[in-house]
Amino acid sequence: MLSDTIAAVSTALGEGGIAIIRVSGPQAVRETAKLFRGRIPLTEAESHTVHYGHIIQPETGERMEEVLVTVMKAPRSFTTEDVVEISAHGGVISVRRVMDLLLQQDIRLAEPGEFTKRAFLNGRIDLSQAEAVIDLIRSKSDRAFSVALKQVSGSLSQRIGALRHTLIETMAHIEVNIDYPEHDVESLTAEFIKEKSREVMEGIDKLLKTAGEGKILREGITTAIVGRPNVGKSSLLNALARDNKAIVTDIPGTTRDVIEEYVTINNIPLKLLDTAGIRETMDIVEKIGVERSKAAFSEADLILLVLNASEELHEDELALMEQIHGRQALVIMNKMDLPSRLDKGQLLSYFNEESIVPMSVLEEEGLDKLEEAISELFFGGKLEAGDLTYVSNVRHIALLKKARKSLQDAYEAADMLIPIDMIQIDVRLAWEQLGEIIGDTAADSLLDQIFSQFCLGK
Amino acid sequence: MSYDGGSYDVVVIGAGHAGCEAALAAARMGCRTLMITINLDMVAFMPCNPSIGGPAKGHVVREIDALGGEMGRNIDKTFIQLRMLNTGKGPAVHALRAQADKFLYQHTMKETMEKTPNLTLRQGMVEELIVEDGHVAGVITKTGTAYYSKTVILTTGTYLRGKVIMGELTYESGPNNQQPSVKLSENLRELGFELVRFKTGTPPRVHKDTIDFSKTEIQPGDEQPKFFSYETKSSSNEQLPCWLTYTSEVTHQIINDNLHRAPMFTGIIEGTGPRYCPSIEDKVVRFSDKSKHQIFLEPEGKNTSEYYVQGLSTSLPEDVQLAILRSIPGMEKVEMMRNGYAIEYDAMVPTQLWPSLETKRLPGLFTAGQINGTSGYEEAAGQGIMAGINAARKVQGKEPVVLDRSQGYIGVLIDDLVTKGTNEPYRLLTSRAEYRLLLRHDNADLRLTPIGYDIGLITEERYTAFTDKKSRVEREVARLQETKVKPQEVNEALAAYGSAPIVDGSNLLTLMRRPEVEYSFVERISPSAEELDDEMKEQVEIQIKYAGYIEKQLQHVDKLQKMEQKKIPEDINYNEIHGLAMEARQKLTKIAPISIGQASRISGVTPADISILLVYLEHYNRVTAAKG
């Protein structure tokens with residue numbers, strides 16, 4: 001327990017410009033080093049030094065995040081273990097990316113209060129603080145527990161439960177073959193194990209796909225409102241948000257930064273980003289806004305392109321449509337209350353009919369159509385109806401990936417005709433990893449399964 | 001009135017499989033030991049199937065042998081069949097199973113005990129424990145003898161308030177119509193122990209000459225049998241086959257027609273029966289879609305015509321039992337010699353024990369075997385030897401020996417019992433072990449013989465042989481790793497063997513990692529300069545071939561052992577630790593775990609509770625250290 005390596009985000013999520021992820025334990029340097037590219041490998045870093053570089057995807061070498069990494073070697077750290085602190089750009093997505101990669105290494109998510117616990121157990125914290133440490137663990141655990149309960153509600157729990165059921169049936173079958181070799185139960189073939197592992201791996205893949213949607217549900221679908229200056233982007237945002245946080249004027253370029261607004265449309269939470277009008281500008285202040293708009297634009301899940309229907313298409317807009325092409329997007333033909341001068345035919349080469357929504361934000365006309373289009377885009381056909389399983393937690397994703405890896409190992413072992421009792425090690429591991437997601441790791445249930453599935457005894 | 005029957009270091013009550021191992025271990029460790037049993041003709045009796053071993057159970061016999069116990073040696077002398085099971089699976093689950101000549105098994109064990117120095121055998125019924133100053137001090141028998149003793153080991157099997165049930169008939173009895181032990185059970189209750197009621201059962205026995213074996217399938221033993229004991233190198237025992245048949249639809253019809261007379265369903269049976277040893281009526285009811293069930297016919301010995309009908313455990317009335325037997329192919333004209341029956345008995349709630357098997361309530365009193373809620377001869381014997389060792393060590397003022405879950409199935413068994421308790425008779429299964437790959441049949445000596453030697457149960461001679469084997473294996477593994485091979489040297493042989501050629505230079509160890517390459521192949525290419533016997537070769541093969549999986553499990557073991565090493569002081573007061581959840585507080589107080597590892601396995605104790613406990617212990621240790 002104290003010999004493994006743990007990681008957690010140590011700054012409040014989603015706030016502040018910088019997020020710090022802390023890794024502690026004997027493998028902290030070695031495991032983080034696998035994900036870091038800087039001037040020197042982290043394994044060669046001296047204690048108490050800071051390194052600029054990137055977190056990379058270890059398989060592809062792709063740069064994922066720009067980071068500063070601090071290495072503090074045992075015992076001169078908070079926990080007295082080897083500690084690596086990764087400073088990444090604040091914001092949920094970049095933190096999630098880094099955590100996601102870390103937890104796929106030989107690192108697990110820290111339990112509530114675990115850094116403090118380790119610091120105390122390793123003599124780093126004064127004896128008088130013992131009670132405070134206990135309080136911290138208790139309260140954090142209780143809070144984590146209630147959050148976990150909420151997250152593991154309903155359909156996720158059911159989906160994981162179904163996958164685990166397939167696994168435990170397979171495990172029971174393997175166990176009966178081992179523990180009752182003379183019994184007339186069907187002997188287990190490698191093909192059977194492969195088939196079941198594949199089945200569960202496919203289930204995990206589906207869940208992992210919805211991981212994107214899970215992020216959506218917790219943080220909102222990141223929706224970028226883009227368009228040329230003064231086409232009514234902020235008005236649209238306001239109409240959707242029904243309040244007046246963004247500044248709206250008739251002077252082009254007043255929305256100088258990304259404005260965020262959270263709204264719920266037909267139970268779908270949206271994180272609306274109003275971007276500064278996208279066009280080249282010399283104004284330094286506005287230029288920053290424009291840069292950020294582009295960033296927001298590129299990470300958005302959904303793009304709302306606002307056009308002024310009373311004007312002809314601008315070349316900037318054509319360029320934008322080129323960029324948007326292939327992404328999830330809706331086109332809002334605003335200002336329909338004015339005489340239309342926009343050639344809809346031009347739009348149809350980029351977008352299909354359904355994704356073009358005529359509106360008048362000023363008159364609040366067509367808003368319902370937009371809302372309908374948004375919910376249809378995300379749930380209509382894109383997802384299996386009534387099958388809204390969301391995996392939102394970094395921990396869940398890490399465990400799903402680990403379980404998948406275990407099953408892949410089992411599959412390959414079965415393929416190589418490794419004996420079933422060894423394949424079982426990986427099948428069981430997958431079952432436990434899935435169980436951790438829903439907080440059920442009771443080993444006794446395997447015995448229950450064996451004796452309810454098979455008629456055994458002398 | 002009682003008279004003084006003498007003083008002992010260890011008194012063992014009961015002479016079943018637990019009692020025998022306990023008494024032998026204590027006596028061999030130099031303790032003056034007395035074993036008392038109700039009937040001295042019943043030493044090491046097998047009241048149910050005349051068979052020892054199988055998955056997990058056979059592993060336990062190997063472990064007992066590796067520790068210096070008797071069961072393995074005794075069955076090797078008295079088997080009438082030996083079979084290695086699971087040979088098509090991984091080495092960890094290869095399991096040896098023997099059919100015993102049940103009479104010879106008893107007589108051989110009794111003879112061994114009679115010849116063991118420091119060990120006295122006495123017939124008698126213990127009715128009461130002597131308690132002095134809160135410590136057990138001896139026992140009193142029905143005839144009024146008081147045997148004084150520093151420690152007492154209870155191995156009462158199914159005798160405590162035993163009750164036999166068959167159809168509408170019930171009567172007080174131990175197994176096989178032996179006298180039950182009633183007063184001792186009452187005495188245990190008076191002393192404050194919590195007892196539960198468990199149930200088990202046995203099938204009828206039939207006369208060999210009335211079986212038509214032509215309608216059954218023969219199940220012979222292995223031609224080249226392996227043995228349980230590391231000491232047994234060969235045997236001249238003749239083997240007898242077992243025979244396989246099946247229940248018929250008529251059987252199931254008879255059972256269904258007579259369910260109203262089955263005590264299982266009429267409510268006469270109160271005790272909890274084991275799921276893994278259901279009666280035939282239970283099987284037919286619960287798995288009604290199954291059209292037939294396996295029945296093995298097993299000889300009970302060379303010099304008897306009695307056959308054990310495995311698969312037909314039942315408590316139906318005698319007339320129904322006969323009808324059932326005669327509905328089975330090959331047994332149309334069978335004669336029943338003994339009927340099957342169910343037996344109910346009192347057992348201790350095993351969470352009242354320390355992992356040493358000493359009771360928490362009454363220091364000096366140990367319990368082992370079926371009284372602790374287990375079932376099976378091997379499970380009993382495994383506890384027996386540990387109780388014997390720990391009673392002897394207590395007498396000698398030494399720390400108890402506790403095996404952890406990575407050291408043996410015995411460790412798994414005892415840890416499960418004392419940490420989680422059991423709500424049905426507990427049977428070992430290999431799936432109960434987290435580190436199955438480490439707890440192999442082949443490496444029981446590597447795991448436990450050093451411990452057996454340290455505690456004085458393994459002779460110098462045997463230990464020397466063990467260390468010799470161990471070092472030869474190590475040297476051979478090292479040699480294979482160091483022996484480089486070039487493509488031109490081995491590719492021809494590999495091709496002939498059906499294995500892919502190597503491209504670059506390699507070594508023999510790497511070649512052996514290939515699933516299809518066996519040691520015998522490598523040996524042909526490059527024979528060892530040292531002499532290696534089959535056991536050593538097998539060890540080399542397993543250690544190399546499964547190194548990847550073994551390494552995976554060893555990493556977990558490392559974590560486990562760190563947790564086991566964090567001891568919890570006996571005087572800890574869980575109510576003083578604020579922050580612990582109420583459920584954890586109650587469970588921890590009740591189980592009184594000896595280590596953080598054990599605490600973490602108690603159901604209802606969460607990881608957060610364990611964290612808090614760790615912080616508290618650190619605080620406690622620092623304060624204690626500061627006080628000096």
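Two strands pair if DSSP finds at least two bridges between them. The exercises below use a predicted model.

**Exercise 1.** Describe the sheet of chain B that contains strand 4, and find which residue is the bridge partner of Met84(B).

Solution.
Step 1. List the strands. The sheet is open and has three strands, in the order 3-5-4, with antiparallel pairing.
Step 2. Look at the edges. Strand 3 (51-53) and strand 4 of chain B each have a single partner strand, so one side of each is left without a neighbour in the sheet.
Step 3. Add the twist, which averages 20° from one strand to the next.
Step 4. Apply the definition. Strand 4 and strand 5 (residues 95-100) of chain B are joined by six bridges, and a pair needs at least two.
Step 5. Name the partner. Met84(B) has Leu96(B), in strand 5 of chain B, as its bridge partner.

**Exercise 2.** Examine the hairpin of strand 10 and strand 11 of chain B, and state which residue in it takes a positive phi.

Solution.
Step 1. Strand 10 (residues 163-166) and strand 11 (residues 169-172) of chain B are antiparallel and share four bridges.
Step 2. In this pairing Lys163(B) lies opposite Glu172(B) of strand 11.
Step 3. Two residues stand between the strands, and Gly167(B) has a positive phi near 55°.

**Exercise 3.** Work out the arrangement of the seven-strand sheet in chain A, and say what packs on the sheet.

Solution.
Step 1. The sheet is open, its order is 3-4-5-6-2-1-7, and its pairing is mixed.
Step 2. Strand 3 (36-38) and strand 7 (108-109) of chain A are the edge strands, pairing on one side only.
Step 3. Take one pair from inside the order. Strand 2 (residues 18-24) and strand 6 (residues 83-89) of chain A run antiparallel and are joined by seven bridges. Within this pair, Ile20(A) faces Ser87(A) of strand 6.
Step 4. Add the helix. Helix 3 (residues 114-121) of chain A packs on the sheet and touches strand 1 (6-9), strand 2 and strand 7. The direction of helix 3 makes about 130° with that of strand 1 of chain A.

**Exercise 4.** In the loop between strand 5 and strand 6 of chain A, find what is notable about the backbone at Pro75(A) and Thr80(A).

Solution.
Step 1. Pro75(A) lies in the loop between strand 5 (63-72) and strand 6 of chain A. The peptide bond joining Ala74(A) and Pro75(A) is cis, with omega about 0°.
Step 2. Thr80(A) is in the loop between strand 5 and strand 6 of chain A. Thr80(A) is not a glycine, yet its phi is positive, about 70°.

**Exercise 5.** Describe the interface of chain B and chain A by area, polar links and contributing elements.

Solution.
Step 1. Count the residues: 62 come from chain B and 53 from chain A.
Step 2. State the area. The two chains bury about 5000 Å² between them, with 60% of it on carbon and sulfur atoms. Tyr549(B), Val615(B) and Arg622(B) supply 13% of the area that chain B buries against chain A, more than any other three residues.
Step 3. Check the charged links. Four salt bridges cross the interface. In one salt bridge, the side chains of Lys552(B) and Asp426(A) meet at 2.9 Å, N to O, and the cut-off is 4 Å.
Step 4. Count the polar contacts: 14 residue pairs between chain B and chain A.
Step 5. Assign elements on the chain B side. Among those giving two or more residues are helix 18 (547-565) and helix 21 (607-627). Helix 21 of chain B gives the most, with 13 residues.
Step 6. Sort the chain B side by class: 30 nonpolar, 15 polar and 17 charged residues.

Technical notes. Residues numbered from 1 in each chain as written. Chains lettered and ligands numbered in written order. Predicted model: local features only at pLDDT ≥ 70, side-chain atom pairs only at ≥ 80, totals over all residues. Heavy atoms only, no water. Contact = heavy atoms within 4.5 Å. Buried area = accessible area lost by both parts, 1.4 Å probe. Polar contact = N/O pair within 3.5 Å; in protein donor to acceptor, adjacent residues only side chain to side chain. Nonpolar A, V, L, I, M, F, W, Y, C, P; charged D, E, K, R; others polar. Axes fitted to C-alpha atoms, helices over the stretch in contact; angles between N-to-C directions.
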